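Work through the exercises below with the structure open. Each task is followed by its solution.

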Amino acid sequence: MPVADTKTEAPKKFTPYEAEAGEEYMNEQQLEHFRQILLGWKQELMEEVDRTVRHLQEEANNYADPADRATQEEGFSLELRTRDRERKLLKKINETLEKIDEEDYGFCEACGVEIGIRRLEARPTATLCVDCKTLAELKEKQLGG
Ligand SMILES: [Zn+2]
C-alpha cells in the first residue's frame, strides 16, 4: 500500500470493515464505520490547514531581504495551492458526511450500483463505481486531448 505523504490522501489507519454474511449494504454499522473514517480524515486535514496558516504567518514575519522574499513567495504559492487542495477536499468530506447522514452513501451516482466497502475504504469520498470512474476518466482524457 502506498504511503500517504500528504493529508490529502485518505487515511490508512483504520480497521477494515468485516461484513457478516448476508449483511445489508450500508446498514447503520457500515455508515458509522465510514462516518468515523471521514471524521478522522477531516480532523487531520484541519490540523494540517492550521499548521499551514501558522507557517505562512511566521514566514511573513521572518524575511525582510528582497531576495529572500522572492524565494519565500515561491514557497507561498506552493503552500497556497496545497491549502486550496485541502479546502476543496474538506468541502468534499463535508458533503460526503451529509450523504451519510441522509443514508444516501455508497452508491454510484451515475449507474446506482453499490460502490463497495473496500473501494470506499480506499476512497471514502468516491461517488462513482469503478466502471463509471474509468469511463469518466477516459472521457476526460479524450476531451483534454
Ligand atoms: Zn457506476
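Three exercises follow, all on a predicted model.

**Exercise 1. Identify the donors of the zinc ion and classify their arrangement.**

Step 1. The zinc ion is coordinated by the SG atoms of Cys108, Cys111, Cys129 and Cys132, at 2.3 Å.
Step 2. Along the chain, these donors follow the spacing C-x2-C-x17-C-x2-C.
Step 3. Take the pair Cys111 and Cys132. Cys111 sits in the loop between helix H2 (66-101) and helix H3 (117-122), and Cys132 in helix H4 (residues 130-144), so the pair ties together parts that are 21 residues apart in sequence.
Step 4. Now the angles. The 4 donor atoms subtend 105 to 113° around the zinc ion, which makes the arrangement tetrahedral.
Step 5. Check accessibility. Cys132 has 16% relative accessibility and counts as buried. Cys111, at 43%, counts as partly exposed.

**Exercise 2. Test the span of helix H1 (residues 28-62) against 1.5 Å a residue.**

Step 1. The expected span takes 1.5 Å times one less than the number of residues.
Step 2. For the 35 residues of H1, that gives 51 Å.
Step 3. The end C-alpha atoms of H1 are 51 Å apart, which agrees.
Step 4. Look at the start of H1. There, a side-chain oxygen of Asn27 comes to within 3.1 Å of the backbone nitrogen of Gln29.
Step 5. The buried residues of H1 include Phe34, Trp41 and Leu45.

**Exercise 3. Compare the settings of Met26 and Glu103, starting from phi.**

Step 1. Phi of Met26 is near 55°, a positive value in a non-glycine residue. Phi of Glu103 is also near 55°.
Step 2. Met26 lies in the segment before H1. Glu103 lies in the loop between H2 and H3.
Step 3. Met26 counts as buried, at 8% relative accessibility. Glu103 counts as exposed, at 54%.

Key. Residues numbered from 1 in each chain as written. Predicted model: local features only at pLDDT ≥ 70, side-chain atom pairs only at ≥ 80, totals over all residues. Heavy atoms only, no water. Donors = N, O, S within 2.8 Å, 3.2 Å for Na, K, Ca; no water. Tetrahedral: all angles 85-135°; square planar, octahedral: opposite > 155°, others 65-115°. Helix = DSSP H or I, 4+ residues; strand = E, 2+ residues; numbered from the N terminus. Buried < 20%, exposed > 50% of the residue type's maximum accessible area, 1.4 Å probe, protein only. Polar contact = N/O pair within 3.5 Å; in protein donor to acceptor, adjacent residues only side chain to side chain.
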